[in-house]
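Reader: I have the sequence and the model open side by side. Could you walk me through some of the contacts and the fold, one question at a time?

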Amino acid sequence: MSLRNAARAVARATARPWGRAAVPSNADTAVAPLRASGRRQISEFPGGSNGDDAWATRIWNTMRARSRQRSARAFHSSSNAASEGGSATPTSGGGIMVASGHPSSHPQVLVVPLNRRPLMPGVIMPVRVMDERLIQEIEEMKARGQAYVGTFLKRTEGESENVDPSDDMHDIGTFAQVQSVIRVPDISADTLKNEDEKGSSRDDKVDVKAKAEARVRAAKGEDGGGGATLLLLGHRRLRKTATVRHQPMVVRVDHIKDPKVADRDDDDVLKATANEVIATIKDLLKVNPLAKETLQYFAQRFQDFQDPAKLADLAASMCSADDGALQEILDTLDVRERLQAALVLLKKEVELGKLQADIGRRVEEKISGDQRRYFLMEQLKSIKKELGMERDDKTALQEKFRARFAPFKDGAPAHAVKTIDEELNKLAGLEPSSSEFNVTRNYLEWLTSIPWGHSSEERLDISQAADVLDADHYGLEDVKERILEFIAVGQLRGTTQGKIITMVGPPGVGKTSIGQSIARALDRKFFRFSVGGLSDVAEIKGHRRTYVGAMPGKLVQCLKSTGVSNPVVLIDEVDKLGRGFQGDPASALLELLDPEQNGSFLDHYLDVPVDLSKVLFVCTANVLDTIPGPLLDRMEVVRLSGYIADEKRAIARTYLEKTAKERSGVGEKEASISDAAMNSLIEDYCREAGVRNLQKHLEKIYRKVALKLAKAKGPEASKKMGQARNKVAAAKKALEAKEDELKKANVSAKSKKTVEAAEKEVEDAKEALAAAEAAVIEVIESTAMSDPIVVDAGKDLIEYVGQPPFQTDRIYEQTPPGVVTGLAWTSMGGSTLYIECTAIHQNGTDKKGGTLTTTGQLGDVMKESSSIAHTFARSFLAGRFPGNTFFDDNALHIHVPAGATPKDGPSAGCTMITGMISLATDRPVKPNLAMTGEVTLTGIVMPIGGVKEKTIAARRSGVTTILFPEGNKKDWDELSDDIKEGLEVHFVSMYDEVYKHALSAE
């Protein structure tokens, strides 16, 4: 390494620059032209890049020659000027050094106190000032013309006599010219803290270097900013004599001129000392090239380079001595003593530079071996990469697995870390051609892809979660309340745990979609899989690794795909689990859905316990009867009933119709459905408990509307719309990508500027999406038809969706004797059920009475209910009407219409008994009355289930009076007022009360 390169390396390793204090970025800007001029002069010398002794000598000799030339020119140009006038001397660097006025014009000066390093005459130095009044006064002086101040070094503690405020400073200072005043923005520690928490403004103009310096000061507990930086040029020495003013301080001074050295060319001692100083400066340039900056500045601004007084001040300014030693040189007025003291400091500086260079050389030798090895390894990697030799390298695979596992290693349990390390060591010892290598490789792929202990931040804001749930679904108050309870518990505890919530209800009521809304409300990842018809345990627990094509179970795949350990997992159709020779999946779900066990869920493939305790499981089912008891015991059941007509209408107007229009490409104002058509659609076409069929009919209507609009508009409108919608799709995709980048930036704790840039990109993507959606609306409006299409009830609706499949649930306007309206619960919701009872006609005198025949695909439970009803009806008739022998004389036949539909359940007992009694007494049941309830042989009416569904079915069929068991009064009280409106309900505990309300003439 050359001498110059070595000097540069030493300078970079030094704690602070040599010679003078470092100039801040703004001060560097102020003196940049001066430095540039000096660099241009230095670069003119050949051999300067080698940094050898000849180079330093040539620099020195050339500077001395040019200094003599400038001195001669200055002498001729200033022969007509006043000896002490305020003349301006042009410098070689293009700057102007304004000569100070006569000492008599500055008998008192404004004081700039120095905390470190006194300012030497002939030297330029930046000074930081925090006193605002002092800064303002200097700025006012600059505004009037040239500003001059006096700089005095502060004394150390214990030196001041404290008689006068100016006694805190040394008596000898420097008369200085203020070349520039640079304000420093106030970046305090509090400002930086707020900036980290809230993000800085886009218009923040504080430069990066100032921020970094403020952060360092804040970390050290120092002041964070403010004040100004003064760029001062020293002229001559001052001695303060008295204090004129305290704030800001003004002192009376005596200007000290350097004494004239008589016949200095004949003074051999002084000349020899000066030559030694020059030689030492040359030596200093060899070990510290940074000192040449001070030397260049001095050579450009002073004509007499051989002046011993100026040479002594120059030498002192190039040293990094302590403040006291430099102040002693400033206090020394005798030129010989001053030059001698400066020479001592220079010698120490040279020795210190040599010592530093020696230390740097030893350190460099120590690390050169490691650097050489590092460089060779990097070259080897590059060569292998170019040749494609690392494609199947085991080392590359190990590095890939370690890098993938690194973000999760801190949160991973000890057994997982141990297993991964063992498998990596095992992989290193296997041959790539062996079958075990691929098995181990796939195993590590799964092990390192699981987010061990990594959970996403979830939203525990109750009001915001409620807004999300309400925006996606109408009604479903039970589910929403349960989710808000879950959030409230997590908010109070500060953390959330997994739960198992099972939603049971008829199809189309929003069970699956509410799972997605729950994930969005909690700001969690969402994963769904269906277990309907699932008969293989390995789908849940995974395969053993010994099998070909073995894979982990669904839950491990969920963790890999979501990348977090706390997703929302929707297990759909849990009531339709199958069972085969591969095992019982319902039993496998016992461990998965048990909060006490899923904290260490063991997958057969991984064979390492996985923590699933933070997963929120949401299961869906239509019925609970087919779910095994032990599995149902682990679930928290939330029932979802069907929707009434008013709820369906609100859902259709709020959600379904809007979605159907968007999917069909129909504009908001281009078509609509009248209220009468919507009511007819709900009552005559879509009577099921859910709204899925209603959604299908709405989409069918708007598809036919779209066909009419497309024929009328032509292909050009279709082309414009396609382009606009493609832009919307692209904008949505870009927004999702930017939001993912922002989440990654927040999680990885990157710099604030990176996060701010990501936030700005997200905002820009949102604006682009809004503009694209506005463009779609504009295209729709520009191509809209003048007359919108309105779908009305009657023939118009039939044209779009065909004839209504249901006219009414009521078969009878007025039920005859033997026919009673019952209420049933089905997986599709509730429905009305007619029980028809009649006597079997018999010919001849040998009539067989007391027998009962049932039809209508009745299940075993319902057949037993019919037998109980027959027995109780005979007993009840004999007790209430002793002379009535109808049951003894006639055989009965009970039929439940809709014979193709299987029916089962005990709740038709009341209805069957009433039908038999009605037939036997030849009395019809009161009009618009329906009943439900199980009856025992002693006439006790037992409670039933599905009160809400049965009530909704009764309203839909026009029933006004309902008989419920007394045990279901609590269920009735929980119903909302809009469901109970217009219904007369009687609660019965014995069948006598049923007879009284249904058949009695009282």
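Author: Happy to, and please keep in mind that this is a predicted model. A good place to begin is a salt bridge between the side chains of Arg663 and Glu699, with an N to O distance of 2.8 Å.

Reader: Which helices does that pair link, and how many residues apart are Arg663 and Glu699?

Author: Arg663 belongs to helix H22, while Glu699 sits in helix H24, residues 692-713. The pair therefore links distant parts of the chain, and the separation is 36 residues.

Reader: Is Glu699 buried or exposed?

Author: Its partner Arg663 has a relative accessible area of 58% and is exposed, because that value is over 50%. For Glu699 the relative accessibility is 17%. The cut-off for burial is under 20%, so Glu699 counts as buried.

Reader: Staying with H22, where do Arg649 and Asp646 lie, and how many residues apart are they?

Author: Their side chains meet in a salt bridge at 2.9 Å, N to O. Arg649 is partly exposed at 26% relative accessible area, and Asp646 is partly exposed as well, at 42%. Both lie in helix H22 (residues 645-664), about one turn of the helix from each other, which is 3 residues apart.

Reader: What distance do you have for the salt bridge of Lys240 and Asp171, and which of the two is buried?

Author: The N to O distance is 3.0 Å. Lys240 is in strand S7 (residues 228-245) and Asp171 in the loop between strands S5 and S6, 69 residues apart. Asp171, at 36% relative accessible area, is partly exposed. Lys240 has a relative accessible area of 9%, so the buried residue is Lys240.

Reader: How many salt bridges are there in the whole structure, and which residues are linked in a network?

Author: Side chains of opposite charge can pair when their charged atoms come close. Searching the whole structure gives 31 salt bridges. A network of them links Glu132, Glu139 and Arg183.

Reader: Now the fold, please. Which strands are at the edges of the open sheet?

Author: The sheet has 5 strands with parallel pairing, in the order S10-S11-S14-S9-S15. An edge strand pairs on one side only, and here the edges are S10 (526-530) and S15 (636-639).

Reader: By what angle are neighbouring strands of this sheet turned against each other, and what stands opposite Ile501?

Author: On average, with direction ignored, the turn between neighbours is 20°. Strand S9 (residues 500-504) pairs with S15 in the parallel sense over 4 bridges. In S15, the residue opposite Ile501 is Glu636.

Reader: Which helices pack on the sheet, and what angles do their directions make?

Author: Helix H17 (residues 511-522) touches S9, S10, S11 and S14, and its direction makes about 165° with that of S14. Helix H19 (residues 554-562) touches S10, S11 and S14, and its direction relative to S10 is about 150°.

Reader: Last one: how many disulfides does the structure hold?

Author: A disulfide is a covalent bond between the sulfur atoms of two cysteines. Among the cysteines here, Cys619 is buried at 0% relative accessibility, and Cys837 is buried with 5% relative accessible area. As for disulfides, the count is 0.

Notes: Residues numbered from 1 in each chain as written. Predicted model: local features only at pLDDT ≥ 70, side-chain atom pairs only at ≥ 80, totals over all residues. Heavy atoms only, no water. Disulfide = S-S within 2.5 Å. Buried < 20%, exposed > 50% of the residue type's maximum accessible area, 1.4 Å probe, protein only. Pairing = 2+ DSSP bridges. Helix = DSSP H or I, 4+ residues; strand = E, 2+ residues; numbered from the N terminus. Axes fitted to C-alpha atoms, helices over the stretch in contact; angles between N-to-C directions. Contact = heavy atoms within 4.5 Å. Salt bridge = Lys/Arg side-chain N within 4 Å of Asp/Glu carboxyl O.
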